[in-house]
Amino acid sequence: MTVTLADVAARARVSPATVSRVLNGNYPVAASTRERVLRAVDDLDYVLNGPASSLAAATSDLVGILVNDIADPFFGIMAGAAQTQIGGPGDGSGRAGGEKLAVICNTGGSPERELTYLTLLQRQRAAAVVLTGGAVENPAHQAAMAAKLAKLADAGTRIVFCGRPPLPEGDALVAALAFDNRGGGRRLTEHLISLGHRRIGYVAGPPERTTTRHRLEGHREALRAAGLDVFPAGGGTADGSGGPAADDDRLVVHGPYDRRSGYEATLELLRRAPDVTAIVAANDTVALGACAAVRDQGMRIPQDISVAGFDDLPFSVDAVPALTTVRLPLFEAGARAGRLAMGKENPPPGGIATIAAELMIRGSTAAPRG
């Protein structure tokens with residue numbers, strides 16, 4: 001026999017409305033009453049009818065977290081941290097009372113999949129959506145995103161960006177937590193310049209991503225400030241083909257944010273400019289590929305060439321030598337995004353917060369030889 005909300009109310013000696021308030025977590029209820037209701041829920045093994053309750057309410061108990069690649073620690077750390085705040089108090093009781101169901105949506109970096117997931121979350125009347133990582137800088141996609149997020153917000157869905165800047169157009173956000181990628185990139189290159197490096201190669205991410213552009217802009221700001229030539233000549237992609245992704249800078253090679261790209265792009269950099277004394281990688285995973293390529297060419301790190309990364313992922317300190325990088329507080333940002341999505345924390349002034357990046361100097365960088 002199916003247990004109903006009325007059965008729980010009778011067991012707890014309260015009204016059905018009080019049971020609903022406790023389970024939805026959207027109305028203050030006395031602690032003793034809440035405890036009585038939750039005990040009755042446990043005793044009767046009552047399961048809330050999610051679809052039915054979502055029809056009665058503006059939103060459901062679902063929160064979507066969009067990531068490019070859940071296997072990438074950059075996204076996994078943020079998503080996991082957000083989920084700790086979305087999933088409820090975590091008291092081990094197994095009781096339902098205001099928490100939400102966090103669903104990870106893996107886009108694979110596809111703008112089309114990003115929009116598809118948002119449509120599916122819209123159909124499910126998601127209570128909130130957290131979008132992580134850099135955005136695609138394509139005007140058509142940005143316009144489609146702004147329109148989709150506006151529809152979600154109009155239906156009562158909270159929208160939070162974590163690790164990405166707000167869209168050029170669109171005011172549907174609860175908050176945007178943007179990393180200071182530009183400042184971090186600048187400080188990293190300033191560190192290398194202070195050591196005496198003047199020929200610095202750069203393995204960049206995909207050219208259409210905001211994260212790529214901001215980190216590369218910071219790198220170039222540091223070069224300009226030091227009076228170094230930003231655009232020597234040439235340009236191209238990791239395979240040397242040039243084309244639309246060409247950067248007009250032969251010391252910059254673009255590619256995906258993965259180890260293989262770091263390896264191949266580093267070989268291309270060394271082919272173009274064998275006199276480089278340092279390589280900055282788009283992120284720590286790319287940096288591991290760069291380190292492997294350098295070693296396969298018979299060079300030592302940092303004695304022959306310095307290598308630096310970005311993000312300070314957990315493995316960075318265990319690399320040999322430990323990786324100089326830029327630390328982004330991924331867990332803290334993800335947890336904050338989760339609280340904002342749940343309405344547990346007030347949005348920052350203006351809805352936008354810039355999260356500082358910290359330079360972590362380790363053994364993979366040193367002064368150039370000679």
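Begin by selecting residues 200–204, strand β6, and residues 278–281, strand β8: the two strands pair in the parallel sense over four bridges. Keep in mind that the model on screen is predicted. For one bridge in detail, show valine 203; its partner in β8 is alanine 281.

Next, add helix α8 by selecting residues 181–195. Helix α8 packs on the sheet and touches β6, β8 and β9. Its direction makes about 170° with that of β8. Then select residues 284–296, helix α11. Helix α11 also packs on the sheet, with contacts to β6, β8 and β9, and its direction makes about 165° with that of β9.

Now display the whole sheet. Four strands form it in the order β7-β6-β8-β9; the sheet is open and the pairing is parallel. Select 252–254 for β7 and 306–308 for β9: these are the edge strands, and each pairs on one side only. On average, neighbouring strands of this sheet are turned by 15° against each other, direction ignored.

Last stop: helix α10, residues 259–272, together with α11. The axes of α10 and α11 come within 6 Å and cross at roughly 45°. How are α10 and α11 placed relative to each other? An angle of roughly 45° is neither under 35 degrees nor in the range 65 to 115, so the two helices are oblique to each other. The crossing of α10 past α11 is right-handed.

To see the contact, show side chains including Arg259, Tyr263 and Leu267 of α10, and Val286, Leu288 and Asp296 of α11. By class, the contact of α10 with α11 has eight nonpolar, four polar and two charged residues.

Definitions and conventions. Residues numbered from 1 in each chain as written. Predicted model: local features only at pLDDT ≥ 70, side-chain atom pairs only at ≥ 80, totals over all residues. Heavy atoms only, no water. Pairing = 2+ DSSP bridges. Axes fitted to C-alpha atoms, helices over the stretch in contact; angles between N-to-C directions. Contact = heavy atoms within 4.5 Å. Parallel < 35°, antiparallel > 145°, perpendicular 65-115°, else oblique. Left-handed = near helix turned anticlockwise from the far one by under 90°. Nonpolar A, V, L, I, M, F, W, Y, C, P; charged D, E, K, R; others polar.
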